[in-house]
Amino acid sequence: MLKFLFALILVCATWGQGASSQTLTVSTVTRPPFSMVEEGVDTGFSMELLQALSDALDWQYRVARTEQFGDMLGAVREGSVDLAIANISITSSRETEFDFSQPIFESGLQIMVPSDQVRTPSLVRALMSRDLFLAIGIAFLILMSGGMLMWYFERRAQPYFDRPAQEAWFPSFWWALNLVVNGGFEERVPRTAFGRLFGVVLVISSLFIVSVFTAKITSVMTIDAISGSVNSVNDLYGKRVATISGSTASGFLDRREIDYSDFPGLVPMLEAFEEGKIDAVVFDAPILSYYASHDGNGIASITGSVFLRENYGIAFPTGSSLVEEVNQALLALREDGTYDKIYRKWFGHRN
């Protein structure tokens, strides 16, 4: 009887030790929509994916949420946690310090600017511009002068021009305008030698006048759209740019020799943005998009396309035995549709 009780206690102790060994410590940092806390509950794309992995692998885990991104990675580096998950980019430099799972999300960098800096082409603004007014004025003077010159030589030969000077200015202008736009009036062909020669010159020159006028409108609208705003990486030079220190975005800006202010975390950077101290934020595209459509709705806009494509992964201490089983579980979650269900919840349908 005593032997049986001893054996039972030993089995229970062994089982309890095995169960407790599966209680993992997971480091993360608040980065909506990947990892955040809502009503005291950890949520977000990465956290829901973590829960799906724990269900598949029969894990128990506890979340150790850090204040800064660097602290999260530091815990993995020191081996004080079993893994870290959030929006962790897989880079060559990090590969030397950590082991990574297969990619869990495809991302990249993007630029966010204040909404009042985003300007779209406007025909009204283009028509009200000084340059375009000048171009219209010159065209008007040319047509008026050409029409009156034609009236002077044709007033005794062409009945259309047979009228006093004070009455001839608009019909003459209208004749010149139609000549330039439509090629003229067949029944009002000039009859004098000079009138015919001058009419041919006007028709030929009209090709250039119309082309220049169209190009002027296009250029004014283009300049109106891009002036004073940030539309691409090349527009960041000379602007007040911000990102988070130690991020892949900061490395990119360093390589492009773009001056920027680095912040220790997402919250202080966004606070500075909301206070108008920043012209452009360069950071992970999905995080900026989420902020712009939620907390920053109305004050922030995303501009330009995604650049410096990168993948997010789960980080483990070097040599972790968890990497292989996590990779297998990730493949299974993709195959059974669980991954796509989580993705659609947070980001909609993938392109």
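Ser27 lies in strand S1 of this predicted model. At 1% relative accessibility, Ser27 counts as buried, because the cut-off for that class is under 20%. Leaving aside neighbours within four places in sequence, Ser27 is in contact with Ala64, Thr66, Met72, Ala75, Val81, Leu83, Ala84 and Ile85. The chain around this residue has 13 helices and 12 strands, and buried residues make up 43% of its 351 residues.

**Confidence and overall organisation**

- The average pLDDT of the chain is 83, and 81% of the residues score at least 70.
- Over residues 2-21 the pLDDT stays under 50, and the model has 0 contacts beyond four places in sequence for this stretch.
- Among contacts between residues at least 6 apart in sequence, 72% join residues at least 24 apart.

**Helix H12**

- Helix H12 covers residues 322-335, which is 14 residues. From its first C-alpha to its last, H12 reaches 20 Å, close to the 20 Å expected at 1.5 Å a residue.
- Leu322, Val323, Val326, Asn327, Ala329, Leu330 and Leu333 are the buried residues of H12. Seen down the axis of H12, these residues fall within an arc of 165 degrees, so they line one face of the helix.
- The cover over the buried residues of H12 includes three helices or strands from early in the list of elements: strand S1 (23-29), helix H2 (45-57) and strand S5 (83-84). It also includes strand S6 (98-100), strand S12 (315-317) and helix H13 (338-347).
- Just after H12, Gly337 takes a positive phi of about 90 degrees.

**Helix H10**

- In H10, the buried residues are Leu266, Met269, Leu270, Ala272 and Phe273. Viewed down the axis of H10, they fall within an arc of 155 degrees, so they line one face of the helix.
- Elements covering the buried residues of H10 include strand S7 (105-114), strand S8 (241-244), strand S9 (261-263), strand S10 (280-284), H11 and S11.
- Gly276, just after H10, has a positive phi of about 80 degrees.

**Pocket and cavity**

- The second largest pocket holds about 400 Å³ of space. It is lined by 20 residues, of which Thr30, Pro32, Leu266, Val267 and Leu270 are the closest to its centre.
- Strand S4 (60-66), helix H10 (266-274) and helix H11 (285-293) each supply at least two residues of the lining of this pocket. The largest share, 5 residues, comes from H10.
- Leu266 and Leu270 appear both among the buried residues of H10 and among the residues closest to the centre of the second largest pocket.
- The structure holds 1 cavity of 30 Å³ or more, and the largest cavity has a volume of about 80 Å³.
- The lining of the largest cavity consists of Arg31, Phe69, Asn87, Ser89, Arg94, Ile244, Ser245, Gly246, Ser247, Thr248, Phe283 and Asp284.

**Strand S11**

- Ile302 is found in strand S11, which spans residues 300-312. At 30% relative accessibility, Ile302 counts as partly exposed.
- Not counting residues up to four places away in sequence, Ile302 touches Gln110, Ile111, Met112, Leu288, Ser289 and Ala292.
- Ile302 and Asn231 are 71 residues apart along the chain, and their C-alpha atoms are separated by 9.3 Å.
- Leu308 is also found in strand S11. At 32% relative accessibility, Leu308 counts as partly exposed.

**Backbone exceptions**

- Most residues other than glycine have a negative phi, and most peptide bonds are trans.
- Leu308 has a phi near 50 degrees, a positive value in a residue other than glycine.
- Asp58, which is not a glycine either, has a positive phi of about 60 degrees. Asp58 lies in the loop between H2 and S4 and, at 61% relative accessibility, counts as exposed.
- Pro32 and Pro33 are joined by a cis peptide bond, with omega of about 5 degrees. Pro33 is placed in the loop between S1 and strand S2 (36-38).

Technical notes. Residues are numbered from 1 along each chain as its sequence is written. This is a predicted model: local features need pLDDT of at least 70, side-chain atom pairs count only at pLDDT 80 or more; totals for chains, interfaces and linings use all residues. Side-chain values use heavy atoms; hydrogens and water are left out. pLDDT is the predictor's confidence in each residue, from 0 to 100. Contact means heavy atoms within 4.5 Å. Helices (H or I, at least four residues) and strands (E, at least two) are DSSP runs, numbered from the N terminus. The expected span of a helix is 1.5 Å times one less than its number of residues. Buried means under 20% relative accessible area, exposed over 50%, partly exposed in between (1.4 Å probe, protein chains only). The arc is that of the directions from the helix axis to the C-beta atoms. On a 1 Å grid over the protein atoms alone, a cavity is a set of points where a 1.4 Å probe fits but cannot get out, and a pocket is an open set with protein on both sides within 12 Å along at least five of seven lines; lining residues have an atom within 4 Å of a point. Grid points are joined across faces, edges and corners, and a volume is the space filled by probe spheres set on the points.
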